[in-house]
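Let's take a walk through this protein together, one piece at a time. Have the structure open beside you and turn it as we go.

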Amino acid sequence: MSENGEWETYELNHAEEFDTFHHEEYKSLEGRGYFIEQNDLNKMVEIINKTIQIHRRSTNLSNKASVHIVSPEFAAGNLRVGLKHPKKVIGFPDFFSIGPLWKLDETKDQAFRAEWLYDNINFELDDYEYQNKLTNTLREIEDISEQVPIYLWYGNNAGEQTGLRYILYLLRDKENEIFLMNSTELYEKYITSKVERPIFHTGQIEPESLKLLFERNKENHPLSHKNRLQLQREWETLSQTKEVLRVWMNDKIIGVPEEHYDPLIIKTLEKLHNEQGKKDFIKTGTVIGEILEQLDEAGPFYLEYRIRHLIYSGVLELRGIPKSMRHYSIKIRS
């Protein structure tokens, strides 16, 4: 246990003691420490998180609170700042435009997606961090009180549209009123002018603007049972697909080939080389930033994955160590 930056170790004689353990009633061990394997540490974290869930259920939010769910996780920060209390914001720790969705709604098969992300995407997370975050978020959704209204925030992009359908599937057994908050359409309706660049991601919207969008739409009609079932069925279709990349096109989630962005990566590199005059290495982050200026749909992590693929296949040259987009530079092979 860690308190005020100081670590203390306690030893329990029986597993049953864990449920009633309180450190102030035990004497900490002195002069002893432990090396714990990652697998065992993860099991310990899982047991602790389950215990936290049990205690959290006894302190549910009041009926006056609202629950807001958004994907990906970074978009939740602006909602927490912008929306008034009482409220609870759940950020889903995933980017649903990339990675396999195959049977993701079945607990035993969630590892299939996690393994693909671990093998291919540089999220710069510790081992098990993604899976622990996902499991804790599923627990939060499971524990939502039946009385509170639920607001689902999403933009017009493949990741958030896919996340919307997955979250609705997770909520399928709850009778709560659910309100859809399409941040792209609401921003265009209430805030932006036609000359400004449109917003496609909820995380791009400032807290004050999110507050305004919520105040203008919180009394709208909840999602109908018919539309709710339709979106759940769309998730069930998505969960049978094998693609690892999706785009939002003509108001639909479309699976595209894994190499979909490869020509754009090469074209962007050629443009940057022409600006150099003499072809030289360019920071990978610079290349990705240039692409994101042109394309709202593409995510930086997937682009970096495809850049590494082009390196391994001999199309690009590498200087540095490709452990993240900050650590290496690339150029088109002569």
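Start with a pair of strands: E9 and strand E11, which covers residues 328-332, run antiparallel to each other and are joined over two bridges. If you'd like one spot to put your finger on, look for lysine 283, whose bridge partner in E11 is serine 329. Keep in mind as you look that this is a predicted model.

That pair belongs to an open sheet of three strands, with antiparallel pairing and the order E9-E11-E10. Strand E9 (282-283) and strand E10 (316-320) are the edge strands here, and each has a single partner, so one side of each is left without a neighbour in the sheet. As for what holds such things together in general, strands of a sheet pair through backbone hydrogen bonds, and they can do so in a parallel or an antiparallel way.

Two helices lie over these strands. Helix H9, made of residues 262-276, lies across E9, E10 and E11, and it runs at about 90 degrees to E11. Helix H11, made of residues 300-312, lies across E10 and E11, this time at about 60 degrees to E11.

Now let's step back and take in the whole chain. It has 11 helices and 11 strands, and its C-alpha atoms fill a box of roughly 70 × 60 × 40 Å along the principal axes. There are 334 residues, and 43% of them count as buried. Take the contacts with a separation of 6 or more: 63% of them are between residues 24 or more positions apart. On the outside, the accessible surface comes to about 19,300 Å², and 50% of that belongs to carbon and sulfur atoms. The chain also carries 43 positive and 55 negative side chains, with the centres of the two sets 5 Å apart.

Next, find the other sheet on our tour. This open sheet has four strands in the order E4-E3-E5-E6, and the pairing is parallel. Its edges are strand E4 (87-91) and strand E6 (178-182); each has a single partner strand, so one side of each is left without a neighbour in the sheet. Going from one strand to the next, the twist averages 20 degrees.

Move in from the edges and you'll meet strand E3 (residues 66-70) and strand E5 (residues 150-154), paired in the parallel sense over four bridges. Here histidine 68 stands opposite tyrosine 151 in E5. Helix H6, residues 183-190, packs on this sheet, where it touches E5 and E6 and makes an angle of about 65 degrees with the direction of E6. Helix H7, residues 207-217, packs on the sheet as well, touching E3, E5 and E6, with its direction at about 130 degrees to that of E5.

Stay with E5 for a moment. How many of its five residues are buried? The count is five of five, so to speak a strand that is mostly covered. Both of its faces are covered: Ile150, Leu152 and Tyr154 are buried on one side, and Tyr151 and Trp153 are buried on the other. E5 also pairs with E6 in the parallel sense, over five bridges, and there you can see tryptophan 153 standing opposite methionine 181 in E6.

Let's finish with two residues in loops. Phenylalanine 200 sits in the loop between H6 and H7. Is phenylalanine 200 buried or exposed? The answer falls in between: its relative accessible area is 25%, so it is partly exposed, given that buried means under 20% and exposed means over 50%. Leaving aside residues up to four places away in sequence, phenylalanine 200 touches Gly155, Asn156, Asn157, Glu160, Thr184 and Asp296. Phenylalanine 95 is 105 residues from phenylalanine 200 in sequence, and their C-alpha atoms are 14 Å apart in space.

The other one is leucine 29, in the loop between strand E2 (6-7) and helix H1 (38-57). With a relative accessible area of 26%, leucine 29 is partly exposed. Threonine 9 is 20 residues away from leucine 29 in sequence, yet the two are 5.5 Å apart in space, C-alpha to C-alpha.

Note on methods:
Residues are numbered from 1 along each chain as its sequence is written. This is a predicted model: local features need pLDDT of at least 70, side-chain atom pairs count only at pLDDT 80 or more; totals for chains, interfaces and linings use all residues. Side-chain values use heavy atoms; hydrogens and water are left out. Buried means under 20% relative accessible area, exposed over 50%, partly exposed in between (1.4 Å probe, protein chains only). Contact means heavy atoms within 4.5 Å. Accessible areas come from the Shrake-Rupley method with a 1.4 Å probe; for residues, only the protein chains shown count as cover. Lys and Arg count as positive and Asp and Glu as negative; His and the chain ends are not counted. The place of a charge is taken as NZ of Lys, CZ of Arg, CG of Asp or CD of Glu. Two strands pair if DSSP finds at least two bridges between them. Axes are lines fitted to C-alpha atoms, for helices over the stretch in contact, and angles run from 0 to 180 degrees between N-to-C directions.
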